[in-house]
Amino acid sequence: MNHLPSKTKLFGSLHKPISKKRAAEQNCLSLLQLCNSLPKFLQLQSHIFKLGLQNNPLVLTKFTSISSDLNAITYASSFIFSPYVEPHFFDVFLFNTIIRSYAVTSDLKHNALCLYGKMLSYGIWPNKFTYPFVLKACAGIGELKLGHIVHGSVVKLGFHDDSHVLNTMVHMYCSCGGGIEYGRKMFDEMPKWNSVGWSAMIGGYVRWGLSSEAVELFREMQVARVAPDEVTMVCLLSACTDLGALELGKWLEAYIKRENVPKSAVLWNALIDMFAKCGDVDKALSLFRSMSQRNIVSWTSVIDGMAMHGRGAEAVSLFEEMKKDGVVPDDVSFIGLLTACSHSGLVEQGKGYFYSMTKEFGISPKIEHYGCMVDLLCRAGLVQEALDFVQRMPIKPNPVIWRTLITACRAHGELKLGEKITKELIKHEPTHDSNYVLLSNIYAKMFSWEKKTMIREVMVKKGMRKVPGSTMIELYNEIYEFVAGDKSHSEYKIIFQMVDDIGKEISRAGYIASTSEVLLDIDEEDKEGALNRHSEKLAIAFALMKTPPGTPIRIVKNLRVCEDCHSATKFISKTYKREILVRDRNRFHRFIDGICSCKDFW
DNA sequence: TTAGGGTTAG
């Protein structure tokens, strides 16, 4: 029978002089504590050998755990699995540590799973600490099959009643394509210990654009009387951002204040982004100004907000201020900055910044940055220069870039060129519906109705459909969604009547329908009818019906706003004396008294 | 000595 050592013995051991080996180990551990890059690791490696500690599990574990340097992690694990280290020194803690390093490092998630496999092959059993890391790695990879396999192991080893494991499992399923249903099933069946599981599920909905479901689940969370925390708030703010639900966002802000939810940088950033993308960019700016610890995400969010609102000059000056503040721009912040230049027609400045990326900051432009440049040139009408730029690009242009060019060709009358590029694109990407829509729109502009019909037939034959345009509007704490020609609303007849009345009213003020945007080859009057059922017109009509005169109207469109709706909204803002704020897929349009903030440049 | 959910772009 084992006996615990007596108190005297314990005290005795405390007073024993520390052994030489132990002292060397302690020394090595404290040196490792200061180690945060590969060169330092390499220095220490020889030290480890000199002291004969290359097989010491404590030292090995520390060796892998303290650096976030990608090279160091790779190096450390290759050292551990080299012939210098005897495998019988490996233990579960060591594996957990390496798996953790890989699981939290983007691009190395697969290595985490390889290590998990290796661990099993060494006959070392995972413990309850292993699975959150492994599941995190699965979430990062996003393959549902893999998730199911790991889920099986969790059950087999009996860790399926552990709160950390189950919460991460919900997160894992919600991160895998096609896994959200499994995530919800798991969430419904497990005990709800605290806000973590709720946040994982709410966050999962937001990740897949199911923001209404996220808000709905939050209401259930309130009924279940589980207090949301900072992370829940961040997820919900993200949902508001997606839905353009400013009122709900304001409610969350008030809740955060009232309940003293700790305001971390992440939460502040989510608030800034929400206000900017829900239309109140000035509020976003004032929040940003009152922040004490701004990071690159805060700056990027506010710069991007300015860009979306067409306030390019302010975005540029914020970028300069950021640099002065000592915050080094990253590739994401350059996307915001270049978008700002593009949407405000700052061509020369945009070019300068693009070249400064490599020269000043050593950032190699990615395909998105090249995309911004093509957009910048195209919006300014410099179609030929854009084409030259694309042909000289050091990386292969992607279809997004070609589509930007095609849209520009159509907008600036280069129809033949547009047709040529689109045909080429369709050869390479024959299943992408928007290529056919672009070609069809070019034919509409050319009045080539026969060719247009042909394209439509090809689309029908291939089973393609144009992504339906939809518009959301938040009124009196409810979110309404309209799609083109929507008859699902209980008051659709009155709404349609209202749209027709508006059409007559604005026609008297000089509005002429721009019918070339209509996809279908139908006669002029019907084309006007089809345009009149566009989702944004339905939403605006609904808002005019439901809100008192003078109330500003805010709507969110899922696609780029069409030329005709843009023109009609200008007339509506003047005729009905309403400020109308439209967020489309790319930016904001603020219509006041017949003028849009985008200066017809979008 | 080891654990869970979160912010910018695309």
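Helices (H or I, at least four residues) and strands (E, at least two) are DSSP runs, numbered from the N terminus. This is a predicted model, where local features need pLDDT of at least 70 and side-chain atom pairs count only at pLDDT 80 or more. Residues are numbered from 1 along each chain as its sequence is written, and side-chain values use heavy atoms, without hydrogens and water.

**Exercise 1.** Locate L157 and explain why it counts as buried, partly exposed or exposed.

*Solution.* Step 1: find the element. L157 sits in the loop between α9 (144-156) and α10 (163-175).
Step 2: apply the cut-offs. Buried means under 20% relative accessible area, exposed over 50%, partly exposed in between (1.4 Å probe, protein chains only). L157 has 32% relative accessibility, so L157 is partly exposed.

**Exercise 2.** Place Q45 and find its partners.

*Solution.* Step 1: Q45 belongs to helix α3 (residues 38-50).
Step 2: Q45 is buried because its relative accessibility is 14%.
Step 3: list the contacts (heavy atoms within 4.5 Å). Beyond neighbours within four places in sequence, Q45 touches Y75 and F79.
Step 4: look for a polar contact (a pair of N or O atoms within 3.5 Å; within protein, one must be able to donate a hydrogen and the other to accept it, and residues adjacent in sequence count only if both atoms are side-chain atoms). The side chains of Q45 and Y75 make one, at 2.4 Å.

**Exercise 3.** Describe residues 264-294 and residues 295-329.

*Solution.* Step 1: the unreviewed UniProt entry marks both spans as "repeat: PPR"; such annotations may be inferred rather than shown by experiment.
Step 2: residues 264-294 are 71% helix and 0% strand, with end C-alpha atoms 10 Å apart.
Step 3: residues 295-329 are 74% helix and 0% strand, and their end C-alpha atoms lie 10 Å apart.

Methods
Chains are lettered from A and ligands numbered from 1 in the order in which they are written.
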